[in-house]
Amino acid sequence: MSGKTMDISINLNGKRVAASVSPDLSLLAFVRAQGCKSVKCACETTNCGLCTVWLDGQAVLSCAVPMARANGHAVMTLEGLQAESADFARCMAEEGAEQCGFCSPGLIMNVLSMEREIRERAAAAGEEPQMPSDEEMDSYLAGNLCRCTGYTSQRRAIRRYMASRFAACAQAVVAGQEE
Amino acid sequence: MLRFRKGAQILGGGMWMRLSDRTIPCVIDLSDCGLDKIEETEDEYRIGAYVTLRDLECAGVLNDACDGVLAAAVRDIVGVQFRRSATVGGSVFGRFGFSDVICALLALDTEVELVEAGRVPLATFIDMPYELDVLTHIIVKKHDYQASYQCLRKAATDFATVNACAARWDGAWHLAVGARPAKARLLSGAEAGVVSAEPSCDELAHAIEAVRGLTYSSNLWGSERYRRHLAGVLAARALVEAARYTSPEGLEAARAACAREEAIR
């Protein structure tokens, strides 16, 4: 750190937070200092996904975002998405998709982001949101390291969650069960 | 400011800068300068330097035009969250040897646009010294591309041990090989001995020999010998996948030629 500070202001979980910080302070360190302890510090090399937050509605790794860049933007952590995450948390519990639970906050943030992206892409194409393929799920889960589940139960939880969110997905699940 | 403030650096995605152990006295962030768009003109695609790798992956029109190689090249780079921050400009300006993006772009008809130096072919740019200049756009010219990107990773999301991209445009093949681990190198179809649209087994053998004739070295991801061998196989596979063989027999023979090269003897 250089010792110099800059005044920043971000919208954290819907509330404006202003502070004087070192410009190279990571968003991860900042949100944890603000009490958002769901955002965990693990690898700090952008590999594990435990520090996933939403920056302007997009899932990013907060360990790689300097506060100078987060300044003026909206940041959302799991603390600000309690209602939205409850449905997926239920799916995880029902499918046994968490064991030690350490990776869960990052995973939940990423899956909720995946749902938004699927919804937005479908809306842009004028189509109904579709169930993501296993390949698409793996592409998302690659950014969240989990050393307990082997990802099988997490995929099941994502399928169950997407089916509960999108009508077309639910129909696909029912059709699959009838076969 | 970049020229007159010693040690000043442009901040791209910031993914690598933060891992370095040094003090950067002045960081210039251009992320609000409108360089985060992919624009299409009559004869080219202009990719802003701040377009993220995720945007590049999801750019349907651009990927359709480039036979999907750009999406294929970035798909295995860490995770979606990483690719939402890492920028194309940061990947290209850094000229990292392991870069998947550079390898794919190099095989296409690509130029970079710099504020001072103007437009420069990517193949020239990657050998230029690290001048104090600002990369604003990466330009992919429109052609009827046939292309394929191939790489080998020891694990999903790891760096590529070696990567290769073959593209045919304007009636000629272009073959890029990266992660040697030095910067990617481009071979023209003539240099690689591949001329026909549907490369024969002999042509594939020449291409393999030419690719294995490049310089390779060893690091944690693989030995020089291992890389040299893999590069030949991946380049041949890229050629076969990119070529649109009209007969199943021709495709089968080409795949068999690749398969014969797989075992290290």
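A salt bridge, as I use the term here, is a side-chain nitrogen of Lys or Arg within 4 Å of a carboxyl oxygen of Asp or Glu. By that rule there are three salt bridges between chain A and chain B. In one of them A:Glu117 pairs with B:Arg54, with the closest N and O atoms 2.2 Å apart.

Some bookkeeping. This is a predicted model, where local features need pLDDT of at least 70 and side-chain atom pairs count only at pLDDT 80 or more, while totals for chains, interfaces and linings use all residues. Residues are numbered from 1 along each chain as its sequence is written, chains are lettered from A in the order in which they are written, and side-chain values use heavy atoms, with hydrogens and water left out.

Now the interface between the chains. Chain A gives 24 residues to the contact and chain B gives 23 residues, contact meaning heavy atoms within 4.5 Å. The two chains bury about 1,800 Å² between them, and 44% of that is on carbon and sulfur atoms. Buried area is the accessible area, with a 1.4 Å probe, that two parts lose on being put together, summed over both.

There are also 12 residue pairs in polar contact across this interface, both residues at pLDDT 80 or more. A polar contact is a pair of N or O atoms within 3.5 Å; within protein, one must be able to donate a hydrogen and the other to accept it, and residues adjacent in sequence count only if both atoms are side-chain atoms. On the side of chain A that touches chain B, strand E4 (58-61), helix H4 (104-125) and helix H5 (134-141) are the elements that give two or more residues. Helices (H or I, at least four residues) and strands (E, at least two) are DSSP runs, numbered from the N terminus.

Next, inside chain B. The domain assignment gives domain 1 (8-141) and domain 2 (146-263); such bounds come from an automatic or database assignment. The C-alpha centres of these domains of chain B lie 23 Å apart. Each of the two supplies 25 residues to the contact. Between them about 2,000 Å² is buried, with 62% from carbon and sulfur atoms.

How many salt bridges link domain 1 and domain 2 of chain B? The count is three. B:Asp100 and B:Arg153 form a salt bridge, at 2.8 Å from N to O. Polar contacts between the domains come to eight residue pairs, both residues at pLDDT 80 or more.
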